[in-house]
Amino acid sequence: MNQRSVDALIALRKIQRVTELASRRLAATAGLTPSQLAVLRLLDKSGELSSGRISEATLLKQATITSLADKLEARELIARRRCDEDRRRVWLRLLPAGVAILADAPDLLQETFSDRFNDLPDWQQSLIVAALEQVSGLLDADDLDAAPRWISASSTRL
């Protein structure tokens, strides 16, 4: 193995470790996963939303949103109600305990990355995206479902 591939693997490992550490810090301080925090922040920003709209905004599958909602509701952080017109549609809203937990939750690592990445000139952003896509291909990860689990409420597509 040449030195450049070693350096690349070390950089990848650092990215993996900082991501793991950020998730652990979030779990330890707020008792949440990055996906749960993203849903809470989205509800805090937008008010009551359908689970389908949350799924679209976060790029998470509907089944994942249902599972997250089950856990958040069990902790009394959100409330769920069925739509009067369409019983299949479920609306979610943040409860006061959810607001309180958001106040104490640390920033997501991805938000820090996004803020710093957006400050880079366009050419550097393009270069980084191209390099990361190439790394993804080198690892045969192109076909993996890797929608961001941690999209912040400020960057969602509402």
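From the N terminus on, the elements of the protein follow the order α-α-β-α-α-β-β-α-α-α in this predicted model, so that the secondary structure comes to seven helices and three strands. Of the 158 residues in the protein, 30% are buried.

Helix 2, which covers residues 34–46, illustrates how an element can be set within the remainder of the chain. Ten of its 13 residues are buried, and helix 2 is therefore largely enclosed by the rest of the structure; the buried residues are Pro34, Ser35, Gln36, Leu37, Ala38, Val39, Leu40, Arg41, Leu42 and Leu43. At 1.5 Å a residue, helix 2 should span 18 Å, and the separation of its end C-alpha atoms, 18 Å, agrees with this expectation. Just after helix 2, glycine 47 adopts a positive phi of about 80°.

Seven salt bridges are present in the structure. One of them joins the side chains of arginine 81 and glutamate 48, with an N to O distance of 3.0 Å. This pair links distant parts of the chain, since arginine 81 belongs to strand 2 (residues 78–82) whereas glutamate 48 lies in the loop between helix 2 and strand 1 (49–50), 33 residues apart. Both partners are partly exposed, arginine 81 with a relative accessible area of 37% and glutamate 48 with one of 31%.

Arginine 80, also in strand 2, forms a salt bridge with aspartate 70, the closest N and O atoms being 2.5 Å apart. Here too distant parts of the chain are linked, aspartate 70 being located in helix 4 (residues 62–74), ten residues from arginine 80. The side chain of arginine 80 additionally meets that of glutamate 73 in a salt bridge of 2.8 Å, N to O. Arginine 80 counts as partly exposed at 27% relative accessibility, as do aspartate 70 at 40% and glutamate 73 at 33%. Elsewhere, Arg13, Arg17 and Glu20 are linked in a network of salt bridges.

Exposed positions were also identified. Alanine 103, found in helix 5 (residues 96–104), is exposed, with a relative accessible area of 63%; its C-alpha atom is separated by 9.6 Å from that of alanine 30, although the two residues are 73 residues apart along the chain. A negative surface patch is formed by Glu133, Asp140, Asp142 and Asp143. Within this patch, aspartate 140 lies in the segment after helix 7 (122–138) and, because its relative accessibility of 70% is over the 50% cut-off, counts as exposed.

Technical notes
Residues are numbered from 1 along each chain as its sequence is written. Side-chain values use heavy atoms; hydrogens and water are left out. Patches are made of residues with over 30% relative accessible area and no salt bridge: like charges are joined within 9 Å, nonpolar side chains (Val, Leu, Ile, Met, Phe, Trp, Tyr) within 5 Å. Accessible areas come from the Shrake-Rupley method with a 1.4 Å probe; for residues, only the protein chains shown count as cover. A salt bridge is a side-chain nitrogen of Lys or Arg within 4 Å of a carboxyl oxygen of Asp or Glu. Lys and Arg count as positive and Asp and Glu as negative; His and the chain ends are not counted. The place of a charge is taken as NZ of Lys, CZ of Arg, CG of Asp or CD of Glu. Helices (H or I, at least four residues) and strands (E, at least two) are DSSP runs, numbered from the N terminus. Buried means under 20% relative accessible area, exposed over 50%, partly exposed in between (1.4 Å probe, protein chains only). The expected span of a helix is 1.5 Å times one less than its number of residues.
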